[in-house]
Amino acid sequence: MTGEAEPEELPEHVRRNRAEWDSWAVDFVADGERSWKLSPGDETWGVWGIPEASLHLLPDDVSGLDTIELGCGTGYISAWLARRGARPVGIDNSEAQLATARRLQAEHGIEFPLIFGNAETVPLPDASFDLAISEYGASIWADPYRWVPEAARLLRPGGRLIFLVNGLILTLCSPDVEEPATDRLLRPYFGLHRLEWSVDDSVNFYLGYGDWIRLLRSNGFDVEDLVELRPAEDATTNFKEVTLDWARQWPSEEVWKARKRG
Ligand SMILES: C[S@@+](CC[C@H](N)C(=O)[O-])C[C@H]1O[C@@H](n2cnc3c(N)ncnc32)[C@H](O)[C@@H]1O
């Protein structure tokens, strides 16, 4: 399945992130394979592997729900939702990531539609889904002023939006190199939106808390929660940009939960 615009029609940040993710996909295969194996109740979130059983980020019962994962990568969250009885669809901007997702679908015998395209313009009708979800997907790689209205369009009244992003304080304290965050504010909070890093050609998007709330509310969402993730005392990560000591003191990951009014 493809929702593909011609590359020259894609926004510049989408083209740049596609090239980067096509080259990085090989490094995310092992994580995809590990995460696809997790059964209901054993799922873990984010770079610290925090159990769903303690966070309850997913609705208690997703059986029969139509779900869309915005920036699904290797597709493991949609696989979790499928095992819990949902009808998932995944969209991703990288064919290479989707190739891993398709292989893992075949290996696990869990098939669901995978769309190659930009989560800012999803080629599906209005009000098709009950849940939109993103873990480090469109939530950080797409422009929130484009993907949040698109999520609102895709959701039915009462539908849920759940997305995980880097902690805002982490973003403010991250040097522009692949080194751990410090305990110093290194960039301004006001005006946060599009960020580029000197180490690669990707483009990320971050908003201040007030801007997130205004954006969600103006697109018909009520904010239900902002869950700040704190790793366990003995947690480990492969992620080089934050240490356990840092993440035990400040949230390195945050999850927004919102519901479409209706
Ligand atoms: C860190 S992965 C997150 C996905 C999933 N949680 C995982 O770890 O496999 C980020 C994904 O976002 C995708 N992505 C980036 N920009 C996107 C966009 N505009 N639309 C859809 N997907 C996008 C990338 O291609 C990549 O597969």
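Student: Which ligand atom does a backbone N or O atom of Asn93 approach, and at what distance?
Tutor: In this predicted model, side-chain atom pairs count only at pLDDT 80 or more and local features need pLDDT of at least 70, while totals for chains, interfaces and linings use all residues. Residues are numbered from 1 along each chain as its sequence is written, and side-chain values use heavy atoms, with hydrogens and water left out. Taking a polar contact as a pair of N or O atoms within 3.5 Å, a backbone N or O atom of Asn93 is placed against a nitrogen atom of the ligand, at 3.2 Å.

Student: How much of the ligand does the protein bury?
Tutor: A polar side-chain atom of Asp92 also lies 2.6 Å from an oxygen atom of the ligand. By the Shrake-Rupley method with a 1.4 Å probe, the ligand taken alone exposes 590 Å², of which the protein buries 96%.

Student: At what angle do helix α7 and helix α9 pack?
Tutor: Helices here are DSSP runs (H or I, at least four residues) numbered from the N terminus, and α7 spans residues 144-154 while α9 spans residues 209-218. With axes fitted to C-alpha atoms over the stretch in contact, and angles running from 0 to 180 degrees between N-to-C directions, the axes lie 10 Å apart and the angle is about 35°.

How values were computed
A polar contact is a pair of N or O atoms within 3.5 Å; within protein, one must be able to donate a hydrogen and the other to accept it, and residues adjacent in sequence count only if both atoms are side-chain atoms. Helices (H or I, at least four residues) and strands (E, at least two) are DSSP runs, numbered from the N terminus.
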